[in-house]
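Here is the note you asked for, set out as numbered points that can be read alongside the sequence and the coordinates.

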Amino acid sequence: LSADTGTIPDYLQNTSANYWFTYSAANRMLYFKYNICANDPSKPFFTFAATLLSTVDSNPIDTLVFDFRGNTGGDDSVINPLFNGFAQRLPRLAANPNFAVYAAIDKGTFSSAMDDAEVFKEPGLGVAVRVIGEPTGGKPAHFGNVASFTLPGSHIPGQYSHQFISAPSYIPAGDSSFEPDIHIAIRSTDYFARFDPVMAAILARSQGAAPAPTGSVTTVNGASYRTDQGIAPGSIAIAFGAFSNTPDGVLVSGIASQILAASTTQVNFIVPQMVALGTAAISIRATGDEIASGTATILAASPGIFVLQPGDPQQPGAIENEDSSVSDASHPAAAGTVIQIYATGYGGDALPVQVFFGDIPSQVLYSGSAGPGLWQINAMVPNGLSGRTPVFLVTGGLASNAVTITVE
């Protein structure tokens, strides 16, 4: 990804720096990215931590993010000035009822970086830190402290670990990875759409994915096709399966739904508005007989944005410009104009929606039904954007998939 052609997620920025941070006033969020557990002599960590903590002291903070993704380790003590300063400020920060702390990890979080992330699960911190992302690439109990050697004959250099590091008492030692509290699935389309689903989940204050559908039919949000977000009453859903006949009926918890299209491999339908929240039985029927069945999770809202070309890894969105032209590279959206986003999974006026361009919140001017199962959101394009930009929705503690538009 190139910043010359569009937005770059925070976790992919400044990759050559050992560490860096930024403060978002719009989100009242301080984001710290720790790329390697090593001191940078040109920017000593002690001085860096003092600057970061000063920013915390002088700005309103609802969210602190410690991002360890892609950090393969080094010296686990380098971060201590930041940990100590954070602990000193925690009672004041935690007095804010909106305050939350996240530690982001992934399969690239290894060795000392994993040790540093594990500290956030230590009992007695005074605040529940949410570890979010993917399981780490190493075990909590592991070998570390690397030493170097050179083979005497070939003079080939090498490294080896010479110390076994036990897992902290509060971390299960037998686990094959350090597991996040909130698992976030990572897809290639997220990368190519310049979208960070971990940051989206943090902004949504997500508590994690809905239980995946089960059975001989897989029922998903009709816009995002994602199995981890459930479906909502009144929304468009798609049930995939291998059906012996073309379905002519779908029952959701025994309630008949409206079919929009059907074939022997899928059926598109509108989830009944009156279906109860929770686990629902899905029954696919043909000529009165059940031909496939399963379960799906019904949520109050399940935001999904329609993708114009699902096979395009950049995920161009079903979005119209202010003049009603389809927003694409040939018809970019201008900053300060209003776009129309087409989605499904509307939770009603009781669950207000936020629209984000990257991690920049937008002003929402309208949100409501645009026809059976269809949801329209009108939002203003923020200033300061250029090129390919991800757009996603947040409502009901959930983030949608991301689509992209081009901004000029």
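**Notes on the fold and selected residues**

1. The buried residues of helix 3 pack against strand 2, helix 2, strand 4, strand 6 (142–150) and strand 7 (157–165). The structure is a predicted model, and the points below should be read with that in mind. Helix 3 is mostly covered, with eight of its eight residues buried, and the residues in question are S111, S112, A113, M114, D115, D116, A117 and E118.

2. Within helix 3, where S111 has its place, the backbone deserves a check, since S111 has a positive phi of about 55° although it is not a glycine. With a relative accessible area of 16%, S111 falls under the 20% cut-off and is therefore counted as buried.

3. The largest nonpolar core has 34 residues, and those with the most contacts inside it are F32, F45 and L64. At least two residues of this core come from each of strand 2 (29–34), helix 1 (45–58), strand 3 (63–67), helix 2 (80–94), strand 4 (100–105), helix 3 (111–118) and strand 5 (129–133). Helix 1 gives the most to this core, with six residues.

4. Which residues does F32 touch, if those up to four places away in sequence are not counted? The contacts of F32 are with Y19, W20, F21, F45, F48, L52, V65, F66, D67, I79 and L82, on that same basis of leaving out residues up to four places away in sequence. A second, separate core has 23 residues, and A100, F356, F392 and A402 are included in it.

5. Helix 1 and helix 2 pack at an angle of about 15°, with their axes 9 Å apart. The two helices, helix 1 and helix 2, are therefore roughly parallel to each other, an angle under 35 degrees being what that description requires. The crossing in which helix 1 passes helix 2 is right-handed. On the side of helix 1 the contact is made by F45, F46, A49, L52, L53, V56 and D57, and on the side of helix 2 by P81, L82, G85, F86, R89, R92 and L93.

6. Helix 5 (residues 197–204) is largely enclosed by the rest of the structure, because eight of its eight residues are buried. The buried residues of helix 5 are P197, V198, M199, A200, A201, I202, L203 and A204. The N-terminal end of helix 5 is capped by D196, a side-chain oxygen of which lies 3.0 Å from the backbone nitrogen of V198. After helix 5 comes R205, whose phi is positive, near 55°.

7. Ahead of helix 5, in the loop that runs between helix 4 (188–192) and helix 5, is the place of R194. Phi of R194 is near 60°, which is a positive value in a residue other than glycine. R194 is also buried, with a relative accessible area of 6%.

8. Is R226 buried or exposed? R226 has its place in the loop between strand 10 (218–221) and strand 11 (236–240), and with a relative accessible area of 11% R226 is buried. Not counting residues up to four places away in sequence, R226 touches R187, T189, D190, V220, N221 and N401.

9. N378 is found in strand 24 (residues 375–380) and is buried, with a relative accessible area of 16%. Its contacts, not counting residues up to four places away in sequence, are with V338, I339, Q340, Q363, V364, L365 and Y366. N378 and D116 are 262 residues apart in sequence and, C-alpha to C-alpha, 42 Å apart in space.

10. T389 lies in strand 25 (residues 387–395) and is buried, with a relative accessible area of 0%. The side chain of T389 reaches the backbone oxygen of G387 at 3.1 Å. Leaving aside neighbours within four places in sequence, T389 is in contact with T7, F357, G358, V403, T404, I405 and V407.

Terms used: Residues are numbered from 1 along each chain as its sequence is written. This is a predicted model: local features need pLDDT of at least 70, side-chain atom pairs count only at pLDDT 80 or more; totals for chains, interfaces and linings use all residues. Side-chain values use heavy atoms; hydrogens and water are left out. Buried means under 20% relative accessible area, exposed over 50%, partly exposed in between (1.4 Å probe, protein chains only). Helices (H or I, at least four residues) and strands (E, at least two) are DSSP runs, numbered from the N terminus. A polar contact is a pair of N or O atoms within 3.5 Å; within protein, one must be able to donate a hydrogen and the other to accept it, and residues adjacent in sequence count only if both atoms are side-chain atoms. A nonpolar core is a set of buried Ala, Val, Leu, Ile, Met, Phe, Trp, Tyr and Cys residues joined through side-chain atoms within 4.5 Å. Contact means heavy atoms within 4.5 Å. Axes are lines fitted to C-alpha atoms, for helices over the stretch in contact, and angles run from 0 to 180 degrees between N-to-C directions. Angles under 35 degrees count as roughly parallel, over 145 as roughly antiparallel, 65 to 115 as roughly perpendicular and the rest as oblique. A crossing is left-handed if the near helix is turned anticlockwise from the far one by less than a right angle, and right-handed if clockwise.
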